[in-house]
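Biologist: Could you take me on a close look at the charged side chains and their pairings in this model? I would enjoy the cut-offs along with the numbers.

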Amino acid sequence: MAILKNCELWFAKLDPKRPNRKFNPENPTWEIQLRTKDKETKKEWEALGLNVKAVVPDEGDPYFRVNLNKKSLNKEGEPANPVKVVDAKLREIDPSTIGNGSIGNVRIYQYEYTKKTGGTGIVSTVMAVQVTKHIVYTPKPTEDFDALDEDTETVGETKPTDDLPDADF
């Protein structure tokens, strides 16, 4: 196992109960993007066989990125252990609170596989994240309602609110 040090953490989707289903609904994944502006770090990542991409944004400085994930089901179809997320003192933290630009160390597991076209490749799986600079992510509602002066007009009978799911506004 390798540890990638002082990585910028972006787009962390590491909540054990909510792996990302977007790309593979049958086997959702926990995901994180690592970034660096340091060319030496980029070379270290490439030496480990990571798929490093250079990004030149319209605004801001260029950077290098690596996307890592972990499948939520192992090859036998059983639930895999989620990605462990801890702080600098190794205390567990809520992975859904990792905001973009946080800094941390990332432990990865790597293994070789045989490609269908011949040759071999390296699979890199994120196993744990140690957050050393925690920029707390606070979700913001996409749209807010304004409080109205009048009350809601109700026509007919209503169900008790105990039977309804909580609204997430």
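Modeller: Happily; here is a walk through the salt bridges, with a few neighbours added.

A word on the ground rules: this is a predicted model, in which local features need pLDDT of at least 70, side-chain atom pairs count only at pLDDT 80 or more, and totals for chains, interfaces and linings use all residues. Residues are numbered from 1 along each chain as its sequence is written, and side-chain values use heavy atoms, with hydrogens and water left out.

Side chains of opposite charge can pair when their charged atoms come close. I call such a pair a salt bridge when a side-chain nitrogen of Lys or Arg is within 4 Å of a carboxyl oxygen of Asp or Glu. By this rule the count comes to 3 salt bridges.

Let us start in helix 1, which covers residues 39-47; helices (H or I, at least four residues) and strands (E, at least two) are DSSP runs, numbered from the N terminus. Glu40 and Lys43 both belong to helix 1, 3 residues apart, about one turn of the helix, and their side chains form a salt bridge at 3.6 Å, N to O. For exposure, buried means under 20% relative accessible area, exposed over 50%, and partly exposed in between, with a 1.4 Å probe and protein chains only. Glu40 is partly exposed at 47%, and Lys43 is partly exposed at 48%.

Helix 1 also holds Lys42 and Glu46, 4 residues apart, again about one turn of the helix. The closest N and O atoms of their salt bridge are 3.1 Å apart. Glu46 is partly exposed at 36%, and Lys42 is partly exposed at 21%.

Thr41 sits in helix 1 too, but counts as buried, with 14% relative accessibility. Its side chain makes a polar contact with the side chain of Asp38 at 2.7 Å. A polar contact is a pair of N or O atoms within 3.5 Å; within protein, one must be able to donate a hydrogen and the other to accept it, and residues adjacent in sequence count only if both atoms are side-chain atoms.

Away from the helix, Asp87 and Arg91 meet in a salt bridge at 2.8 Å, N to O. Here Asp87 is buried at 14%, whereas Arg91 is exposed at 51%. Lys89 belongs to the loop between strand 5 (84-87) and strand 6 (102-114), and is exposed at 64%. Lys89 and Gln130 are 41 residues apart in sequence, with their C-alpha atoms 8.9 Å apart in space.
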